Amino acid sequence: MNCAERMKLLRAYRDVAAIYAESVNQMVDFVEAGLEPEAQAARRFARSHWETLETLRLALYRHEADHCCDRTSELAEEEMSEPAEPAQA
Ligand SMILES: [Zn+2]
């Protein structure tokens, strides 16, 4: 079972990364087409999303460190590989 907050942060990180990548692609296209004002606008747009991206990356890192939900599957595998303990032990 994935942590809902971790998945929310991961999806937001992915979505903003896609917007960032697209704005960098546009910046290249504008420079190649000789459209410098448009290229500068795309650069500013990319920059603003880079900051959001970094904020999300840190939020994800902090959440995983505090919540340890990035280790859930590892722990689940360890639990499954160990013999089950009697309930009354
Ligand atoms: Zn979590």
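Is glutamine 26 buried, exposed or partly exposed, and how many C-beta neighbours does glutamine 26 have inside 10 Å? Glutamine 26 has 18 such neighbours and counts as partly exposed. The cut-off for a buried residue is 20 or more other C-beta atoms within 10 Å, and that is why glutamine 26, with 18, is not placed in that class. With that residue as a way in, let us look at the whole chain, keeping in mind that this is a predicted model.

**Overall picture**

The protein chain holds 3 helices and 0 strands, in the order α-α-α from the N terminus. Of its 89 residues, 1% count as buried. Among contacts with a separation of 6 or more, 66% join residues 24 or more positions apart.

How far can the model be trusted from part to part? The mean pLDDT of the protein chain is 88, and 80% of the residues score at least 70. Confidence is highest in helix H1 (residues 4-32), at a mean of 97, while helix H3 (residues 72-81) has the lowest, at 56. A reading of H3 is best made with that value of 56 in mind.

**The two helices that pack together**

What span should H1 have at 1.5 Å a residue? Its 29 residues should cover 42 Å, and the end C-alpha atoms are indeed 42 Å apart. Helix H2 (residues 36-67) has 32 residues, and its first and last C-alpha atoms lie 46 Å apart, close to the expected 46 Å.

Two packed helices are described by the angle between their axes and the distance between the axes. For H1 and H2, the angle is about 160° and the axes are 8 Å apart. That makes H1 roughly antiparallel to H2, because angles over 145 degrees count as such. The crossing of H1 past H2 is left-handed.

**Pairs across the chain**

The table lists three residue pairs by their separation in sequence and their C-alpha to C-alpha distance.

| Pair | Apart in sequence | C-alpha to C-alpha distance |
|---|---|---|
| Glutamine 26 and glutamate 38 | 12 residues | 8.9 Å |
| Glutamate 22 and alanine 46 | 24 residues | 8.4 Å |
| Alanine 4 and cysteine 69 | 65 residues | 9.7 Å |

Three of the residues named here belong to H1: alanine 4, glutamate 22 and glutamine 26. Their surroundings can be set side by side. Alanine 4 has 9 other C-beta atoms within 10 Å and is exposed. Glutamate 22 has 14 and is partly exposed. Glutamine 26, where we began, has 18 and is also partly exposed.

**After the helices**

The stretches that follow H1 and H2 each hold a residue with a positive phi. After H1 comes glycine 34, with a positive phi near 75°. Just after H2, cysteine 68 takes a positive phi of about 60°.

Most residues other than glycine have a negative phi. Cysteine 68 is not a glycine, yet its phi is positive. Where does cysteine 68 sit? Its place is in the loop between H2 and H3. Is cysteine 68 buried or exposed? With 12 C-beta neighbours inside 10 Å, cysteine 68 counts as exposed, because the cut-off for that class is 12 or fewer.

How values were computed:
Residues numbered from 1 in each chain as written. Predicted model: local features only at pLDDT ≥ 70, side-chain atom pairs only at ≥ 80, totals over all residues. Helix = DSSP H or I, 4+ residues; strand = E, 2+ residues; numbered from the N terminus. Contact = placed C-beta atoms within 7 Å. Expected span 1.5 Å × (residues − 1). pLDDT = per-residue confidence, 0-100. Axes fitted to C-alpha atoms, helices over the stretch in contact; angles between N-to-C directions. Parallel < 35°, antiparallel > 145°, perpendicular 65-115°, else oblique. Left-handed = near helix turned anticlockwise from the far one by under 90°.
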